[in-house]
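Good morning, and thank you for the opportunity to present. Please look at the sequence and the structure on the screen before I begin.

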Amino acid sequence: MLRVVPLGSAALDAEALALAAAALARGELVIFPTDTLYALGCRALDAAAAERVRRVKGRDESRPLPLVLAELGQLRGVCPKPPRALEPLAERFWPGPLTLVVPAAAAVPEAVTSGSGTVAVRVPALDFARRLCARAGPLVSTSANRTGRPAPSTCEAAVREVGGSAAVAVDGGEGGSAPSTVVDLTGAAPRLLRAGALPWADVEAVLRDVAP
């Protein structure tokens, strides 16, 4: 049965963190807030759980699942060789609404990468989301809605969409209304894949200072 846990005090935040981390360790799915939208997630290296996320969303098999990290240091577990542009972009925009597509480590399951050999990663600005990653490891973090439906900015909306498949839902109040900006760093030059909360012009300003 789904357990909804609010944030708002040190005690509530600690309870939510413990319950969510325990559910993730058991291979269950969790709804949690980020600095953009509410996410449905699981541990990034848990292939069975990632496959459940995919089924719950009705996500096309060709579309990878994005990840969130506690901090830049966690990248090593999911990306063995970061592209040159990653560090200056991460230093400027992480934590924040910038998702970077990078080469995936062999340990990242195909249920996450969709066989692409790449993985999309970011460090969210919301403290709770980072603390959850610090406790549980890198997490799948895809919007908590069925594919084709509006992405939820509240826990209530996320629960209506996918709550029947999650063990814990963490209610952090109203979230953002725009998704993260997605930039592919795996090609010859960085490429905008999705416009979002961070303007592309801001990304380009940093990239101009990156040596080719």
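I shall speak about the two sheets, then one helix, two points in the backbone, and finally the largest pocket.

This is a predicted model, in which local features need pLDDT of at least 70 and side-chain atom pairs count only at pLDDT 80 or more, while totals for chains, interfaces and linings use all residues. Residues are numbered from 1 along each chain as its sequence is written, and side-chain values use heavy atoms, with hydrogens and water left out.

I begin with the sheets. Helices (H or I, at least four residues) and strands (E, at least two) are DSSP runs, numbered from the N terminus. Two strands pair if DSSP finds at least two bridges between them.

One open sheet has six strands, in the order E7-E4-E6-E5-E10-E11, with mixed pairing. Strands E7 (139-140) and E11 (191-194) stand at its edges with a single partner strand each, so one side of each is left without a neighbour in the sheet. Within this sheet, strand E4 (residues 67-68) pairs with E6 in the parallel sense over two bridges. Val 68 has Arg 122 of E6 as its bridge partner.

The other open sheet consists of five strands, ordered E1-E9-E2-E3-E8, and its pairing is also mixed. Its edge strands, E1 (3-6) and E8 (142-143), each pair on one side only. Strands E2 (residues 30-32) and E3 (residues 39-41) run antiparallel and are joined by three bridges; Val 30 has Gly 41 of E3 as its bridge partner. Helix H2 (residues 47-57) packs on this sheet and touches E3 and E8, its direction making about 140 degrees with that of E3. Contact here means heavy atoms within 4.5 Å. Such angles run from 0 to 180 degrees between N-to-C directions, with axes fitted as lines to C-alpha atoms, for helices over the stretch in contact. Helix H6 (residues 155-162) lies across E1, E2, E3 and E9 (168-171), and runs at about 160 degrees to E9.

I turn now to helix H3. Which residues of H3 are buried? In H3 (residues 86-93), they are Leu 86, Leu 89, Ala 90 and Phe 93. These residues lie on the same side of H3, because they cover an arc of only 100 degrees around the axis. The arc is that of the directions from the helix axis to the C-beta atoms. Buried means under 20% relative accessible area and exposed over 50%, with partly exposed in between (1.4 Å probe, protein chains only). The buried residues of H3 pack against strand E5 (98-103) and helix H7 (200-207). Turned away from that buried side is a face carrying the exposed residues Glu 91 and Arg 92.

Two backbone details follow. Trp 94 and Pro 95 are joined by a cis peptide bond, with omega about -5 degrees, and Pro 95 is found in the loop between H3 and E5. Ser 114, a residue other than glycine, has a positive phi near 55 degrees. This serine lies in the loop between helix H4 (110-113) and strand E6 (118-122), and Ser 114 counts as buried at 18% relative accessibility.

I close with the lining of the largest pocket. E6 gives the most to that lining, with four residues. A pocket is an open set of points on a 1 Å grid over the protein atoms alone, where a 1.4 Å probe fits, with protein on both sides within 12 Å along at least five of seven lines; lining residues have an atom within 4 Å of a point.
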